[in-house]
Amino acid sequence: MRHCDQDRFRLQECFQFSGTLLPLTGTVQGSVLSPLLFDLFLNALLRLLDATGIVHGIKRTPQWNHAAFADDLSIYVSTVRDGNKMLDVIHEFESWSGLRISIPKSVATGAMYGTGTTRRQEGAKAVAAKRKETQAQTS
């Protein structure tokens, strides 16, 4: 006896079956369509990111702005402005697709290179020194 008939299914526990269930949205978890549909949506996002023309800016290397594997996505930019533009594109994609980025699972990090590196490093040192001084005064 079949437990699944196209878009309707029944659950089985031991030798008893539930009534017929009809999912109203999405695909059944474990369905072979789930990864395919996700890939189609993810590819649409990756094309949107490519279309921005923003790249990571590291010299003498291939230029790109993202890396994706399964449901993980990393974006690479060289300025805060470019980062904000990429986040705008991702937000637009969220609105269009109905998919949401998990903020608690998201991390922003950076590397200091290129024009202004010395200035940024000096600024970071000054902030760290001020923080250390404030901690010493409150102890």
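**Exercise 1.** Which backbone nitrogen lies 3.0 Å from a polar atom of the side chain of serine 97? Place serine 97 in the fold and classify its exposure.

*Solution.* The model is a predicted one.
- Step 1: the nitrogen in question belongs to leucine 99.
- Step 2: serine 97 sits in helix α2, which covers residues 80–97.
- Step 3: the relative accessible area of serine 97 is 16%. Buried means under 20%, so serine 97 is buried.

**Exercise 2.** Give the order of the secondary structure elements from the N terminus, and state what share of the residues counts as buried.

*Solution.*
- Step 1: the protein has three helices and six strands.
- Step 2: read from the N terminus, the order is β-β-β-β-α-β-β-α-α.
- Step 3: the chain has 139 residues, of which 13% count as buried.
- Step 4: the exposed area of the protein is about 11,800 Å², with 58% of it supplied by carbon and sulfur atoms.
- Step 5: take the contacts between residues at least 6 apart in sequence; 29% of them join residues at least 24 apart.

**Exercise 3.** List the residues of the largest nonpolar core, and name the helices that each supply at least two of them.

*Solution.*
- Step 1: the core has nine residues, namely Leu42, Leu45, Leu46, Leu49, Ile54, Met86, Val89, Ile90 and Phe93.
- Step 2: helices α1 and α2 each contribute at least two residues to this core.
- Step 3: as a general point, nonpolar side chains in soluble globular proteins tend to be buried together.
- Step 4: for one core member, phenylalanine 93, the contacts beyond four places in sequence are Phe41, Ala44, Leu45, Leu48, Gly98 and Leu99.

**Exercise 4.** Is leucine 48 buried, partly exposed or exposed? Find its contacts beyond four places in sequence.

*Solution.*
- Step 1: leucine 48 belongs to helix α1, residues 33–51.
- Step 2: its relative accessibility is 34%, so leucine 48 is partly exposed.
- Step 3: beyond four places in sequence, leucine 48 touches Val89 and Phe93.
- Step 4: the C-alpha atoms of leucine 48 and methionine 86 are 9.3 Å apart, with a sequence separation of 38 residues.

**Exercise 5.** Which residues form a nonpolar patch on the surface with about 490 Å² of accessible area together? Classify leucine 33.

*Solution.*
- Step 1: the patch is made of Val32, Leu33, Leu36, Leu37 and Leu40.
- Step 2: leucine 33 is located in helix α1.
- Step 3: because its relative accessible area is 42%, leucine 33 is partly exposed.

**Exercise 6.** What is the sign of phi at cysteine 14, and where does cysteine 14 lie?

*Solution.*
- Step 1: phi of cysteine 14 is near 55°, which is positive in a residue other than glycine.
- Step 2: most residues other than glycine have a negative phi.
- Step 3: cysteine 14 is in the loop between β3 (12–13) and β4 (16–17).
- Step 4: the relative accessible area of cysteine 14 is 63%. The cut-off for exposed is over 50%, so cysteine 14 is exposed.

**Exercise 7.** Locate valine 55 and describe its surroundings.

*Solution.*
- Step 1: valine 55 lies in the loop between α1 and β5 (66–69).
- Step 2: with a relative accessible area of 29%, valine 55 is partly exposed.
- Step 3: outside four places in sequence, valine 55 contacts Gln63, Trp64, Asn65, Tyr76, Val77 and Ser78.
- Step 4: valine 55 and valine 77 are 22 residues apart along the chain, and their C-alpha atoms are separated by 5.8 Å.

Conventions
Residues numbered from 1 in each chain as written. Predicted model: local features only at pLDDT ≥ 70, side-chain atom pairs only at ≥ 80, totals over all residues. Heavy atoms only, no water. Helix = DSSP H or I, 4+ residues; strand = E, 2+ residues; numbered from the N terminus. Buried < 20%, exposed > 50% of the residue type's maximum accessible area, 1.4 Å probe, protein only. Contact = heavy atoms within 4.5 Å. Patch = residues over 30% accessible without salt bridge, like charges linked within 9 Å, V, L, I, M, F, W, Y side chains within 5 Å. Areas by Shrake-Rupley, 256 points an atom, 1.4 Å probe, with all protein chains shown as cover. Salt bridge = Lys/Arg side-chain N within 4 Å of Asp/Glu carboxyl O. Polar contact = N/O pair within 3.5 Å; in protein donor to acceptor, adjacent residues only side chain to side chain. Core = buried A, V, L, I, M, F, W, Y, C linked by side-chain atoms within 4.5 Å.
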